[in-house]
Structures are given as structure tokens and as C-alpha cells.
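Take the sequence and the model together, and follow the chain from one part to the next. The explanation below starts at a single residue and then moves outward.

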Amino acid sequence: MNLGITGATGFIGSYLVDYLMQKSDLRVKALARTLPRDADSFGGRVAWVKGDLNSAADCVDFVGDLNVVIHLAHTNTPLTSNRDFAADAQANMAPSLNLLTAIKDRGLRPHLIYSSSGGAVYGLANGPLQKPFEETDPCVPSTSYGIQKLAFESYLRMAASEGWIQATALRIGNPYGVLLPPERMQGFIGVALHQVLSGRPVRIFGDPGNVRDYIHLDDVCRFFQRIMEAPGPFQIYNVGSGRGHSVNEILALLETITGRKVAREISHYPGSDKHLVPWIVLSVEQAAKELGWAPETNLEEGLRALYHHSAR
């Protein structure tokens, strides 16, 4: 298997590269704008490529003879994406389309696995019903972020129907598993624990009663590893825990696990109250039925493991 990963130094990408190196004997071609300081680790099994998906030439060079491409690269968040629609599309949709065009021009029909969004694409689709979203449910994204994720899924569907690619879109919930810097506006658990350990208040956007589906990065990576072995013409899978927890519940768990009182700071980012959907939980029954995949790390176990690793 000739595997390539875009966005390989990002939140999910860096964890996935490390996971695959530990759990398999794969060799990976990893694309990033800036190479990591430990680029020579893993005994040469990771071939790091410095490049930018905004460059058509870099895309062609990266695609090469790959038969599996995991596309993770993305630069915005749901909270920030509506500030400038044109700039957002230029920064995110155009690079993805450059990659897709390079794949088409190579003519190798690889399997492209796309990191879509398990919350932003569904948006307000099920209204007040609070029913876990299934892959066949309507999508009503309320942000440019969600619109672009959904739009690229449609490009993949078209490419697959024309027969020059196999594609899988993974609608991933809210992943966690590493500490994250406080300036990040995604990855609530990683940012919140970082703040708790630093003795600083946790910044909360929108209603602290909002519910999300949190999924450990180990489970996300297991899904990537499983789906690499099961390509189809075009597939969509939710990747979540199947359970929802509010921001308040997460902070209460962190207080219990760390033994520290969590200070809170409500932040009213422009437009956040309007665009943050109050309740999103993903059904993962399709993945269980078709792939035999199910999440293995429950939330409290995952939070405890992260805390004990981070507090060392």
C-alpha cells in the first residue's frame, strides 16, 4: 500500500502518523507546509514532503504513485469560517480541488479518505428531535466550514461516479486525546485540560449546555486503519461514540479527575451563539454493521488517561 497523508502535522494528522507507525509496518508519505522537528524518526518509514496544496505542482508531486490518500488538511474552524466566505473558500476548497485534480490527472484511481465533519455538515437538520444523526439524514450546515466539507463530499461522489477515484468521507465527531494550545478554537477537551493544568480559566463559546459527541483519537485512528482495507466506490461513515455530553458535563468530569476547581470564562465570539448547534450526537450503527468497528474508549477512561499522561 502506497499511503499519503495531507495535513500530517495537524491535530489528527500527527496523532495518526504516530499511531500507524506503532500499529503497523506501513510506510507513509506525509505532506506538510512545515516539516516537524522529528522528521527523521520512525526509521525512515515516514517520507516527509514539504509542500502546499495551493500549488498544483506540489499536488502532482505528492500524489505520485499513491493508491491511498488520507486528506486531513484544513485551516479554519466553524467559529471563524463565516467571517470571509471568499477567503475561506480560497484557503480550503481550492487546495482540496487542486489535490483532486492532481489525482485525476495521474489516472491511478486511488482510494481517497476524507476527514469531513460529524457536526458541521448536519447542522440543524434534526431540529429539536435530539435523535443521533445517521449518514442518510439531511444535511443543513450553518457555517461556511460545514458547507465546504459537504461540498467536497459532493465532489468526491462525482469523481467516484465517473470512475477515476474511490472515496470515503468520514464524518468525525469531536476528537480528543492530546493537550492543545489555549488559542485553538477547536478541540475543546484538549484546550480545556491545558487550561486546567495551567491554573487558567476555560474559555467557553456559546451555551455550556451544548452537547457534542466526543471520540478518542485512538478510535478515530482505528477507523482510518480499518477503512483503508475496505475501499468502495463512494462511502460515508459517521465516526463518533454514539453518546453526547455537554460542555458542563465535560468540565465536571475534569474537576473530578484532576481534583481541581475549573474556572470558566464565557466568550461571545461574534456569531457563535447563532452558528453553534445545540445538540449533535452521531449514530455509528452503520460502521458497526458494515465494518465491525465500534468505539473502545469511553469518555471518562479517555479523560483520565489524558490527564495522567499530561500531568507527568
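Glycine 146 is buried, because its relative accessible area is 0% and the cut-off for buried is under 20%. The model in which this residue sits is a predicted one. Glycine 146 belongs to helix 4, which covers residues 144-161. Which residues does glycine 146 contact, leaving aside its neighbours within four places in sequence? They are Ala120, Val121 and Pro141. Another residue to locate from here is serine 81: 65 residues separate serine 81 from glycine 146 in sequence, while their C-alpha atoms are 8.9 Å apart in space.

From this helix we turn to the sheet. It is an open sheet of 7 strands with parallel pairing, and the strands come in the order 3-2-1-4-5-6-11. Strand 3 (46-50) and strand 11 are the edge strands, since each of them pairs on one side only. Going from one strand to the next, the twist averages 20°.

The order can be followed pair by pair, beginning with strand 1. Strand 1, residues 3-6, pairs with strand 4, residues 68-71, in the parallel sense and over 4 bridges. One position to look up is glycine 4, whose bridge partner in strand 4 is valine 69. Helix 2 (residues 56-63) packs on the sheet and touches strand 1, strand 2 (28-32) and strand 4. The direction of helix 2 makes about 165° with that of strand 2. Helix 3 (residues 85-106) also packs on the sheet, where it touches strand 1, strand 4 and strand 5. Between the direction of helix 3 and that of strand 4 the angle is about 175°.

The next step in the order leads from strand 4 to strand 5. These two strands run parallel and are joined by 4 bridges. Histidine 71 has tyrosine 114 of strand 5 as its bridge partner. Are the residues of strand 5 buried or exposed? The strand is mostly covered, with 7 of its 7 residues buried. This holds for both faces: His111, Ile113, Ser115 and Ser117 lie on one side, Leu112, Tyr114 and Ser116 lie on the other, and all are buried.

Strand 5 (residues 111-117) also pairs with strand 6, in the parallel sense and over 7 bridges. Tyrosine 114 appears again here, with alanine 169 as its bridge partner in strand 6. Strand 6 in turn pairs with strand 11 (residues 234-239), again in the parallel sense, over 6 bridges. In that pairing, isoleucine 172 has valine 239 of strand 11 as its bridge partner.

Strand 6 is mostly covered, as 7 of its 7 residues are buried. Gln166, Thr168, Leu170 and Ile172 point one way from the strand, Ala167, Ala169 and Arg171 point the other way, and all are buried. Glutamine 166 is in strand 6, which spans residues 166-172. Why does glutamine 166 count as buried? Its relative accessibility is 18%, and the cut-off is under 20%. Not counting residues up to four places away in sequence, glutamine 166 touches Arg109, Pro110, His111, Leu112, Pro231, Gly232 and Pro233.

What remains is the space that the protein atoms leave free. The structure holds 1 cavity of 30 Å³ or more. The space in the largest cavity is about 30 Å³. Its lining consists of Asn174, Pro175, Tyr176, Gly187, Phe188, Ile189 and Tyr214. Strand 7 (174-176) and helix 5 (188-198) are the elements that give two or more residues to this lining, and strand 7 gives the most, with 3 residues. By type, the lining of the largest cavity divides into 5 nonpolar residues, 2 polar and no charged.

The second largest pocket holds about 330 Å³ of space. It is lined by 17 residues, and those closest to its centre are Ser14, Tyr15, Val17, Asp18 and Phe42. Which element gives the most to the lining of this second largest pocket? Helix 1 (residues 11-23) does, with 8 residues. The lining of the second largest pocket is made up of 9 nonpolar, 4 polar and 4 charged residues.

Conventions: Residues numbered from 1 in each chain as written. Predicted model: local features only at pLDDT ≥ 70, side-chain atom pairs only at ≥ 80, totals over all residues. Heavy atoms only, no water. 1 Å grid on protein atoms, 1.4 Å probe; cavity = no way out; pocket = protein on both sides within 12 Å on 5 of 7 lines; lining within 4 Å. Points joined across faces, edges and corners; volume = space filled by probe spheres on them. Nonpolar A, V, L, I, M, F, W, Y, C, P; charged D, E, K, R; others polar. Buried < 20%, exposed > 50% of the residue type's maximum accessible area, 1.4 Å probe, protein only. Contact = heavy atoms within 4.5 Å. Pairing = 2+ DSSP bridges. Axes fitted to C-alpha atoms, helices over the stretch in contact; angles between N-to-C directions.
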